[in-house]
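Work through the exercises below with the model open. Each task is followed by a solution in steps.

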Amino acid sequence: MANVPSNGITTADMTITYDASKLEYVKGEAGSIVINPSINFAINKEKDGIIRILFLDDTLLNEYISKDGVFANITFKVSGTSTVTISKANLWRQKP
């Protein structure tokens, strides 16, 4: 993530689409800017070609994203040449 606002990000809901004939999803995990990822971060392969990521500062107090950096690490196995497309990414910026 870049240009994180000074009041932080408390919620992010993303759908990542990819060509499942060329890429195989292996795993995903929270990046370094996610505090308490076991509570505040979830990643799920919805089906071949679609990954969903949800970030929610469950404390609604102080575990929001406060700086630029790596939000998520996603590992794919490449079957050939590939293109990865991110779509339907919405960020809600607020700090209680």
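**Exercise 1: Phe41 and the core**

Task: find which residues Phe41 touches, leaving out residues up to four places away in sequence.

Solution. Take a contact as heavy atoms within 4.5 Å. On that basis Phe41 touches Glu29, Ala30, Val34, Ile53, Leu54, Phe71 and Ala72.

Before going on, note the basis of the values. This is a predicted model, in which local features need pLDDT of at least 70 and side-chain atom pairs count only at pLDDT 80 or more, while totals for chains, interfaces and linings use all residues. Residues are numbered from 1 along each chain as its sequence is written, and side-chain values use heavy atoms, with hydrogens and water left out.

Next, place Phe41 in the largest nonpolar core, a set of buried Ala, Val, Leu, Ile, Met, Phe, Trp, Tyr and Cys residues joined through side-chain atoms within 4.5 Å. Buried means under 20% relative accessible area, exposed over 50%, and partly exposed in between (1.4 Å probe, protein chains only). This core has 17 residues, and Phe41 is one of those with the most contacts inside it, a group that also includes Val34, Ile53 and Phe71. Two or more residues come from each of strand 1 (11-18), strand 2 (23-30) and strand 4 (50-56); strands are DSSP runs of E, at least two residues, numbered from the N terminus. Strand 1 gives the most, with 4 residues.

**Exercise 2: strands 1 and 4**

Task: state how many bridges join strand 1 to strand 4, and whether the two run parallel or antiparallel.

Solution. Strands pair if DSSP finds at least two bridges between them. Here there are 7, and the strands run antiparallel. Thr15, for example, has Arg52 in strand 4 as its bridge partner. As for cover, 6 of the 8 residues of strand 1 are buried.

**Exercise 3: salt bridges**

Task: list the salt bridges of the whole structure and say which residues form a network.

Solution. Search for a side-chain nitrogen of Lys or Arg within 4 Å of a carboxyl oxygen of Asp or Glu. The search finds 3.

1. Asp13 pairs with Arg52, with closest N and O atoms 2.8 Å apart. Asp13 lies in strand 1 and Arg52 in strand 4, so the pair ties together parts 39 residues apart in sequence.
2. Arg52 also pairs with Glu46, at 3.7 Å.
3. Lys45 pairs with Asp48, at 2.7 Å from N to O.

Asp13, Glu46 and Arg52 are therefore linked in a network. Arg52 is partly exposed at 31% relative accessibility, and Asp48 is exposed at 56%.
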